[in-house]
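The report below begins with a charged side chain and its surroundings, then turns to an aromatic residue and to the chain as a whole.

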Amino acid sequence: MKSCVLNVTKLGCMLILVTAAVGCNSTTTEDQRRRDEKTREEAAKATERIKPELKEAGKELGQAAREAADDARAAAQGVKDGWSRDHSHPLDLNTATESDLESLPGITKTDAERIIRNRPYRSKNELVNKRIISEESYDRIRDNVTAD
C-alpha cells in the first residue's frame, strides 16, 4: 500500500517536472511538437502502468474504510448501551434485554438466555426457585433486579 502511494507520488512529481520543463519553452517549432508528443506518450504509458496499482489501492482503501465504519458503529452502539444502563433502577426480569442482563454482576450470556427463556416472572426469587441461577449468583444481583 505504501509503495503504491510512493509510486503514485513519484509519477505525479515526474509529470509536474515534465509539464514545467515543457512550459518553459513556448516556441512551437517542429522539435517542440515532437518533444510534446513524446512527453504525452511517456505520461500516457506511465499512467497505464500504474493504473492497476491505483485500482488495487482504491480497493484496499475502500475495505479499510468499511472496516473503520463497522468499528465506529460498534463503538457507538457500546456507548449507547452503556449510557442507557442505569443500575440505580433495578432491571425488570420480564423486559430486560440479554445485553442488559449480561451487564449484571456474574451473569453470563447463558444465564441471560435462560432468564429470558423462562419468562414471565411474578417474583425475582423465582430465579432461584426455578433453578435458573444459583443462590450465590442471585445474592449478587438481587438488589439490581425486579419482576414487575
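## Asp92 and its surroundings

In this predicted model, Asp92 is buried but forms no salt bridge, since the nearest side chain of opposite charge, that of Arg119, lies 7.0 Å away. Buried means under 20% relative accessible area, with exposed over 50% and partly exposed in between (1.4 Å probe, protein chains only). A salt bridge requires a side-chain nitrogen of Lys or Arg within 4 Å of a carboxyl oxygen of Asp or Glu, and for charge Lys and Arg count as positive and Asp and Glu as negative, while His and the chain ends are not counted.

Asp92 belongs to strand 1 (residues 91-92), where helices (H or I, at least four residues) and strands (E, at least two) are DSSP runs numbered from the N terminus. Beyond residues up to four places away in sequence, Asp92 touches Thr146, Ala147 and Asp148, contact being heavy atoms within 4.5 Å.

## Tyr138 in helix 6

Tyr138, located in helix 6 (residues 135-141), is buried with a relative accessible area of 5%. Setting aside neighbours within four places in sequence, Tyr138 is in contact with Lys124, Asn125, Leu127, Val128 and Ile133; Leu127, eleven residues away in sequence, is 7.3 Å from Tyr138, C-alpha to C-alpha.

## The whole chain

The protein has six helices and two strands, which follow the pattern α-α-β-α-α-α-α-β along the sequence. Of its 148 residues, 22% count as buried.

## Basis of the values

Residues are numbered from 1 along each chain as its sequence is written. Local features need pLDDT of at least 70 and side-chain atom pairs count only at pLDDT 80 or more, whereas totals for chains, interfaces and linings use all residues, and side-chain values use heavy atoms, with hydrogens and water left out.
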